[in-house]
Amino acid sequence: MLNSNLLRKLDMQDLMVFIAVYEQSSVTDVSEALFVSQSTVSYCLKKLRTSFEDELFINTRTGMRPTYKASSMYGHVQKILESINLCHAGASVFDPTQQAVTFNICAPEYFEQLVLPRLLKRFDFDDLPVMVNMHKFETDVPAEELRDGSLDLVISFGPNFHRHHTDLKSRMLLEDDLVCVFDKRATPLEPRLSLQAFTERRHVFPTPWTSTTNMVDGWLARQAQKRQIVARSNSYSAALKMITGTDFILTLPRRIQRLLTNEAVFNHCEAPNGLPGFTLDMQWSQQVDQDSANVWLREQVIKVCSELEAA
């Protein structure tokens with residue numbers, strides 16, 4: 001529904017005039033570009049000004065200068081016209097049963113261990129010709145690869161671990177927290193480690209992405225604390241092997257601990273009070289926000305993560 005009855009008087013031509021005046025700054029140029037008279041352009045501007053209760057464009061020596069409100073409206077009006085064009089075009093709907101497709105996803109190991117197996121089982125159960133190419137998450141969100149279509153989705157940890165890109169769309173998929181895992185013979189007596197006990201033990205660190213900082217050490221630094229890392233591992237499974245037969249600590253996401261640890265070999269306890277949890281987030285390009293294949297893929301990922309949250 002519309003916020004004001006004044007908006008009901010607008011039509012597509014008014015919006016086209018708005019975009020054209022914003023981009024060309026000249027009533028004369030706009031009338032020529034849209035093949036309408038200058039009086040028609042002026043009439044459309046009058047309707048726009050009345051409907052939005054703002055001057056919108058100010059006549060100066062250098063042309064029609066947009067007001068602050070017009071500048072803030074420009075992107076929204078563009079999207080309205082783009083959406084109308086999409087409705088008219090009747091874009092084809094992606095049908096995974098009718099065509100083979102390959103999706104490229106950049107994600108940390110957490111996604112590969114927890115989400116991807118369930119996703120592939122869905123595709124296999126429905127006998128869908130869908131292939132997924134995984135790309136390792138490096139230092140930061142590969143925004144350019146999303147923009148140029150090399151990647152369909154990027155999965156990353158949040159909140160605020162990586163630089164924010166205003167032109168990318170995003171959605172939180174699930175939340176998780178961290179627990180401390182030990183060789184069963186070296187398990188501490190207390191159900192939750194104190195901060196002192198946590199920093200006194202030596203740690204194996206599985207690196208979820210290529211970075212000098214991470215969620216654990218960033219939190220410790222804010223407490224004016226640090227831990228001793230004896231090894232950095234490229235995978236959760238390798239890190240578990242490294243702590244076997246030692247008194248080392250391995251800090252793992254709770255869902256990964258439940259998935260990968262053998263209760264006959266490993267035990268766990270709660271992390272120190274205050275150690276924050278994290279989110280798993282999904283990002284994609286605005287250019288494919290309405291692309292039916294990308295929409296379908298995002299829906300499948302969201303369904304799997306919803307199942308994990310409910311479990």
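**Note on the predicted model: domains, sheets and the largest pocket**

1. Helix α10 (residues 236-243) lies across five strands, namely β7, β8 (202-206), β9, β10 (249-253) and β11. Relative to β10, helix α10 runs at about 155°. The structure discussed here is a predicted model, and the points below should be read on that footing.

2. The strands crossed by helix α10 make up an open sheet of five strands in the order β9-β8-β10-β7-β11, and the pairing is mixed. Strands β9 (228-233) and β11 (266-270) are at the edges, each pairing on one side only. From one strand to the next, the twist in this sheet averages 35°.

3. Within that sheet, strand β7 (residues 178-183) pairs with β11 in the antiparallel sense, over five bridges. The reader may wish to locate Cys180, whose bridge partner in β11 is Cys269.

4. The domain assignment divides the protein into domain 1 (7-89), domain 2 (101-175 + 279-310) and domain 3 (178-276). Domain 2 is thus given as two segments, 101-175 and 279-310. Between the C-alpha centres of domain 1 and domain 3 there is a separation of 58 Å.

5. A further open sheet of five strands has the order β4-β3-β5-β12-β6, again with mixed pairing. Its edges are β4 (130-136) and β6 (168-176); each has a single partner strand, so one side of each is left without a neighbour in the sheet. Here the twist averages 25° from one strand to the next.

6. In this second sheet, strand β3 (residues 101-107) and strand β5 (residues 153-158) run parallel and are joined by two bridges. Opposite Cys106 stands Val154, in β5.

7. The largest pocket holds about 440 Å³ of space. It is lined by 13 residues, of which Glu82, Gln286, Gln287, Asp289 and Gln290 are the closest to its centre. By class, the lining of this pocket comprises seven charged, five polar and one nonpolar residue.

8. Where does the largest pocket lie with respect to the domains? Domain 1 (7-89) and domain 2 (101-175 + 279-310) both contribute residues to the lining, so the pocket lies between them. Helix α4 (residues 68-89) supplies the largest share of the lining, four residues.

Note on methods. Residues numbered from 1 in each chain as written. Predicted model: local features only at pLDDT ≥ 70, side-chain atom pairs only at ≥ 80, totals over all residues. Heavy atoms only, no water. 1 Å grid on protein atoms, 1.4 Å probe; cavity = no way out; pocket = protein on both sides within 12 Å on 5 of 7 lines; lining within 4 Å. Points joined across faces, edges and corners; volume = space filled by probe spheres on them. Nonpolar A, V, L, I, M, F, W, Y, C, P; charged D, E, K, R; others polar. Domains from an automatic or database assignment. Pairing = 2+ DSSP bridges. Axes fitted to C-alpha atoms, helices over the stretch in contact; angles between N-to-C directions. Contact = heavy atoms within 4.5 Å.
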